Amino acid sequence: MDKRALFYRRDVWLLTGFLLLTLLSFLLFRLSGQPANTAQIMLDGQIVRIVSLEKDGEFALEQNPHIRFSVRDGAIAFISSDCPDQLCVHSGYLSQPGQMAACLPRHVSLSVNGAGGVDAVAN
Amino acid sequence: MMKKIFILLLTAALLPLGGCGAGVQRYSTEFGGVFDTNIVVTGYADSRDDFNRYADMIQNRFTELHRLFDIYHDYEGINNLYTVNQHAGIAPVAVVPEVIGLLKLAREGYEFSGGAVDVTMGPVLLLWHEYRAEGTSLPPADALQDAASMSGIDNLIIDEEKGTVFLAKAGMSLDVGAVAKGYAAALAAKEAAGMTSFLINAGGSVTTVGKPPDGAETWRVGIQDPKLDENGTQYYLDVVTGSGMTVSCSGNYQRYYAVGGKQYHHIIDPVTLMPAERFTQVAALHPDPGLADILSTALFILPIDEGLALAEKCGAEALWIGTDGIWRATEGYKDVSQMYNREQGNG
């Protein structure tokens, strides 16, 4: 080895190793926040259920079995409720992050999680 | 030795890149029980605790204002609008500055909307509310006329010096539905002044403050299409971008009932005393949440030409969707809209 050189070949490998590690951890962090879409159901302002939108199916809310949801083709909807107005059921299927529906009389709300989409929906 | 220092420094400089990289993170919370709706607060803060501090202040302020502006209940120890209504034709009522502020804004709204937004229409709106709840018939024309005779903005007497409000005619009552939520959002947003970037979705009226710091240039606000598609899926009919503005919508699909196969919604035209029929939906955009709220109702009721003039006068942008399905908008709306030009071919 030429002792006067600033960098030996071995040092280049070391540096490259560090750089790759740095890049890898950076990428891992950036990618980790992008799961498949899920939806969350809140009751009285607390999250009571998180639902994956990948699997079709219907289910009732454990805390109020009169309120039922359906997941279909990556979207979720209220399909029945014991409220007088049925505005929740009329809100239809939600598939985009930022979309929400609520059954106000029963204090239940539904929203789609995930990145992209919009930050809020005005209506 | 120099080389070792060099490598150390280089590594130290690069390490932060691989670190968490997040000074602020995005948090969200929601609460109900105010203004007959849910409120969602989404914002950027250094920690969940930090965010919750701001969100709690916002919630407390909304709760306080909900009680002050409530026309259906009274609360021990405070004079609110229910109190004011109870004293119509009897005596002035001492109220806090927030109530004075709301009613002053409401009166301005009456003036610049040419009377389209009138908070003294309480008796007419109450009649519609009752018939809508009962659900089988329309309020008779003579009952509506009687109720309308009890309205009159000139009989709303605000004494700022004494801090009182007086409804001068017996039978008068205030209904502030067209303005209260927006005015409350404006006051509540001030509670979170320490959060530089957040939004409040107050039951469909979206107020944005600052810009999202995570790379997006502005907030993105979807405008819900009232109709679902043929699969029953909800979608946005437009997305608007912006910061430091409020998007407020009025539509014929929010509260309605059907009689004889026809739908009757809740936004009543003070001239006809019937639901306004020109548009299916209007979205109004303005930096001030109270004005956005008033304008969404005014623009829903007024004909398009008066509406365009009013929007310009107030510095607002707006979108109208007619019952004929045709979209119209202010020039500035087209600049912030994703869909407008595509939908309309630059109409």
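A salt bridge here is a side-chain nitrogen of Lys or Arg within 4 Å of a carboxyl oxygen of Asp or Glu. Arg26(B) and Asp119(A) meet that rule, with their closest N and O atoms 3.0 Å apart. The model is predicted.

**The interface of chains A and B**

The Arg26(B)–Asp119(A) pair joins the two chains. One salt bridge is found across this interface. Over all chains, the structure holds 13. Polar contacts between chain A and chain B number 15 residue pairs, both residues at pLDDT 80 or more.

Which elements of chain A each supply at least two residues to the side that touches chain B? They are α1 (9–32), β6 (100–103) and β8 (120–122). The largest share comes from α1(A), with eight residues. By type, the chain A side divides into 20 nonpolar, twelve polar and three charged residues.

In terms of contact, 35 residues of chain A meet 40 residues of chain B. The two chains bury about 3,200 Å² between them. Carbon and sulfur atoms hold 56% of that area. Within chain A, the residues that lose the most area to chain B are Asp119(A), Ala122(A) and Asn123(A). Together these three account for 22% of what the chain A side buries. Asp119(A) is thus named twice: in this list, and as the partner of Arg26(B) in the salt bridge.

Strand pairing also crosses between the chains. β8(A) is joined to β8 of chain B, residues 219–224, by three bridges. The two strands run parallel. Within β8(B), Gly222(B) stands opposite Val121(A).

**Two open sheets in chain A**

One sheet of chain A has four strands, in the order β2-β1-β7-β6. The sheet is open, and its pairing is antiparallel. Which strands of this sheet stand at the edges? They are β2 (46–52) and β6; each has a single partner strand, so one side of each is left without a neighbour in the sheet. Neighbouring strands are turned by 20 degrees against each other on average, direction ignored. Inside the sheet, β1 (residues 38–43) and β7 (residues 108–112) run antiparallel, joined by five bridges. Leu43(A) has Val108(A) in β7(A) as its bridge partner. The edge strand β6 is also among the elements that supply the side touching chain B.

The other sheet has three strands, ordered β3-β4-β5. This sheet is open as well, with antiparallel pairing. Here β3 (57–61) and β5 (75–80) are the edge strands; each has a single partner, so one side of each lacks a neighbour in the sheet. The twist averages 30 degrees from one strand to the next. β4, residues 64–72, runs antiparallel to β5(A), and five bridges join them. Arg68(A) is paired with Ser80(A) in β5(A).

The strand pairs described above are set out here.

| Strand pair | Direction | Bridges | Residue pair |
|---|---|---|---|
| β8(A) and β8(B) | parallel | three bridges | Val121(A) and Gly222(B) |
| β1(A) and β7(A) | antiparallel | five bridges | Leu43(A) and Val108(A) |
| β4(A) and β5(A) | antiparallel | five bridges | Arg68(A) and Ser80(A) |

**A salt bridge within chain B**

Chain B also has a salt bridge of its own, between Glu64(B) and Arg61(B). Their closest N and O atoms are 3.1 Å apart. Where do Glu64(B) and Arg61(B) lie? Both sit in helix α2 of chain B, residues 48–69. They are three residues apart, about one turn of the helix.

How values were computed:
Residues are numbered from 1 along each chain as its sequence is written. Chains are lettered from A and ligands numbered from 1 in the order in which they are written. This is a predicted model: local features need pLDDT of at least 70, side-chain atom pairs count only at pLDDT 80 or more; totals for chains, interfaces and linings use all residues. Side-chain values use heavy atoms; hydrogens and water are left out. Contact means heavy atoms within 4.5 Å. Buried area is the accessible area (1.4 Å probe) that two parts lose on being put together, summed over both. A polar contact is a pair of N or O atoms within 3.5 Å; within protein, one must be able to donate a hydrogen and the other to accept it, and residues adjacent in sequence count only if both atoms are side-chain atoms. Ala, Val, Leu, Ile, Met, Phe, Trp, Tyr, Cys and Pro count as nonpolar, Asp, Glu, Lys and Arg as charged, and the others, Gly among them, as polar. Two strands pair if DSSP finds at least two bridges between them. Axes are lines fitted to C-alpha atoms, for helices over the stretch in contact, and angles run from 0 to 180 degrees between N-to-C directions.
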